[in-house]
Amino acid sequence: MSSYKGSREAFAAAMMQLAEEDPCYVTISPDSMKAMRMVAFAEKYPKRFFEVGIAEQNAVGCAAGMASCGLVPFVATYSGFITMRACEQVRTFVAYPQLNVKLVGANGGIFGGEREGVTHQFFEDLGILRSIPEMTIVVPSDASQVFAATLAIAKRPGPAFLRVANGREAVIFDREIPFEIGKARKLVENGTDVALMTCGFILSRVLKAAEVLKTEGINATVLEVHTLKPLDKAGIASLLGETGAVVTVEDHNVIGGLGSAVAEVIAEHAPAALVRVGLQDVFPESGPAEALLDYYKMGIDDIVKAAKVAMAKRDHRRAG
Amino acid sequence: MSCENVNLVDLARLLRRDVVDTVYRAKDGHPSPALSCADIVAALFFKVLKLDPQNPKWPGRDRFILSKGHACPVLYAALARRGYFSRDELPGLRSLGSCLQGHPCMRKTPGIDMTTGSLGNGISIGVGMAMAAKYLEQDYNTYVIMGDGELEEGIVWEAAMSAVKHKLDNLIVFVDNNGLQSGGKVSDISGLMPIYEKWEAFQWHCQEIDGHNMDEILAAIANAQQAKGKPSLILAHTVKGKGVPFMETDNSWHKRVPTDDEYKEAMEILGGMDCE
């Protein structure tokens, strides 16, 4: 079983491993040392830990400068402070020059931000980044996958973003399996009645929803689309061709993230009936993580219902 | 005249000729912000910077960032005259297929250390380069030219604080203090003044010079290189459009293309002669 307390601890453990491997890996902190669980890293590698104060734009600017000199800087802090406050630095000085900067965003989704409220719940980050050329965007689904994904983005040259949460995420994978950037993977293959496509920590709910569907005689395939960019269009289109009905499930606004990405594949490559489960373009509120997802219609029941709606839409079209 | 042994003052004049010529031929670009910092660029590219034009990515080179990226015609001219690319490229500025983008792009133009153009960011990136030098135990310096108007951006002061915390005495920043920005006088548009006192209060090693006096520019750089434990700020008083009188008095030359007559007049004022 995974031994990490949460996804941030898994990220920090991966950074320790990377630092041991190569002195080119450094971290820049906009006063995020504690939040990103980097205390041990800062103590063991003080020269590789650059504190710049509460100044995310400067953190990303510094990272661009460092990367241009051959280092591989990681900037890790709350996701929205990277993708919104420092959005232009990410776009113009990291992505445009294709610099080897790694961005790690915590409190992804309302599950990640939970009781902190909207200022610390980030459900636009993936949509913002998806519209920026050259970005690699990965959204792992549990702590052990965050560990593997941190290593994966470190080894892949170029700008990358990794989304983590707050420690309340479930353990899904019971061993350290590799993280293959850009390759969606089937985790449940009960059948082709409907596809459930998802990314991030909400995968644990999708797996439960697939079980519920099975008890009701509906055989779903669960596809984990853990890389939003580069998107595995072929893998998605192939499954869409088999099911003709899909539910996307994401802890993100339904605009801009996985739901939008799959809709684009549907529109251009593989017609299918789609229902998007996610935050329905509203500002949420503070609350316990699991209860928030339920309240904002990202519950297991909601996924099950969405699957039935998607299948009905497909069948109606076919009948028509 | 021969291009051998041209002095820095003459080189600055030649860069100014290139700026006017480039903007005139390209029919686009920002002439007067480029003329404003031509003397500083000449000092850096023909005297100060450790560079190898045959090996633009040489890791030990000094780094240069033109934070006021819209002034790039003067940077492109300096790079061409240092041999990074042919001067024949200059009129291609801003045109499709040219290696000379509207604002500097490190992926397209040899010799450009950092993409710039969005104001305020150059100093922050320079802080990163200077921190990298310290960490990698390399002895290169990082030089940045900022405009005064871009000091209005918040990231400038974020970077200023972090440069002091990290004792970046390998970071030397010029402020091209021509007093004007796109919309008018800096002093009318913002509450920025006083500039020098602000940098002193931020604990930088500060100097104030005439940004068109080559001796003062070189002396200030030498002082800055000797300053230990602090990043350096050189507040260079300049005239926007310097060298072309009708541009010095009219801020519309921030971004404007000379007519045929204006071009002829400017080139005559700038000496009429190039080196060969």
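Into which domains is chain A divided? Select residues 7-163 for domain 1 and residues 185-319 for domain 2, and colour them apart. Keep in mind as you go that this is a predicted model.

**Stop 1: where the domains meet**

With both domains of chain A coloured, place a marker at each C-alpha centre: the two centres lie 27 Å apart. Now pick out the contact, which takes 24 residues from domain 1 of chain A and 29 residues from domain 2 of chain A. On the domain 1 side, try selecting α6 (109-113), α7 (125-130) and β5 (136-138) of chain A, since each supplies at least two residues of the side that touches domain 2. Colour that side of domain 1 by residue class and you should find 10 nonpolar, 7 polar and 7 charged residues.

**Stop 2: the seven-stranded sheet**

Stay with β5 of chain A and bring up the strands around it. They belong to an open sheet of 7 strands in chain A, ordered β2-β1-β3-β4-β6-β5-β10, with mixed pairing. Look to the two ends: β2 (49-51) and β10 (227-229) of chain A are the edge strands, and each has a single partner, so one side of each has no neighbour in the sheet. From one strand to the next, the twist averages 20 degrees.

Zoom in on β5(A) and β10(A), which pair in the antiparallel sense over 2 bridges. Show A:Val138 as sticks, then look across to its bridge partner in β10(A), A:Thr227. Next, select residues 7-21 of chain A: this is helix α1, which packs on the sheet and touches β1 (25-29), β3 (72-78) and β4 (102-106) of chain A. The direction of α1 makes about 140 degrees with that of β1(A).

**Stop 3: the five-stranded sheet**

Move on to the other sheet of this tour. It is open, has 5 strands of chain A in the order β7-β9-β8-β11-β12, and its pairing is mixed. Here the edges are β7 (185-189) and β12 (273-279) of chain A; each has a single partner strand, so one side of each is left without a neighbour in the sheet. The twist averages 20 degrees from one strand to the next.

Now select residues 194-198 of chain A, strand β8, which pairs in the parallel sense with β11 (residues 245-253) over 4 bridges. Along this pairing, A:Met197 stands opposite A:Thr248. β8(A) also runs parallel to β9(A), joined to it by 5 bridges, and there A:Thr198 has A:Glu224 as its bridge partner.

Are the residues of β8(A) buried or exposed? Of its 5 residues, 5 are buried. Turn the strand to see both faces: A:Val194, A:Leu196 and A:Thr198 are buried on one side, and A:Ala195 and A:Met197 on the other.

What covers this region? Helix α9 (residues 203-215) of chain A packs on the sheet, touching β7, β8, β9 (220-224) and β11. The direction of α9 makes about 170 degrees with that of β9(A). Add α10 (residues 233-243) of chain A, which touches β8, β9 and β11, at about 155 degrees to β8(A). Then trace β8(A), α9(A) and β9(A) together as a right-handed β-α-β unit.

**Stop 4: chain B**

Finally, show chain B, where 23 residues are in contact with 25 residues of chain A. Select α5 (122-136) and α6 (154-165) of chain B, the elements that give two or more residues to this side. The largest share, 10 residues, comes from α5(B). By class, the chain B side has 13 nonpolar, 7 polar and 3 charged residues.

Definitions and conventions:
Residues are numbered from 1 along each chain as its sequence is written. Chains are lettered from A and ligands numbered from 1 in the order in which they are written. This is a predicted model: local features need pLDDT of at least 70, side-chain atom pairs count only at pLDDT 80 or more; totals for chains, interfaces and linings use all residues. Two strands pair if DSSP finds at least two bridges between them. Axes are lines fitted to C-alpha atoms, for helices over the stretch in contact, and angles run from 0 to 180 degrees between N-to-C directions. Two residues are in contact if their C-beta atoms, placed from the backbone, lie within 7 Å. Domain bounds come from an automatic or database domain assignment. Ala, Val, Leu, Ile, Met, Phe, Trp, Tyr, Cys and Pro count as nonpolar, Asp, Glu, Lys and Arg as charged, and the others, Gly among them, as polar. A residue is buried if 20 or more other C-beta atoms lie within 10 Å of its own, exposed if 12 or fewer, and partly exposed in between; C-beta atoms are placed from the backbone. A crossover is right-handed if, with the strands pointing away from the viewer, the path from the first strand over the helix to the second runs clockwise.
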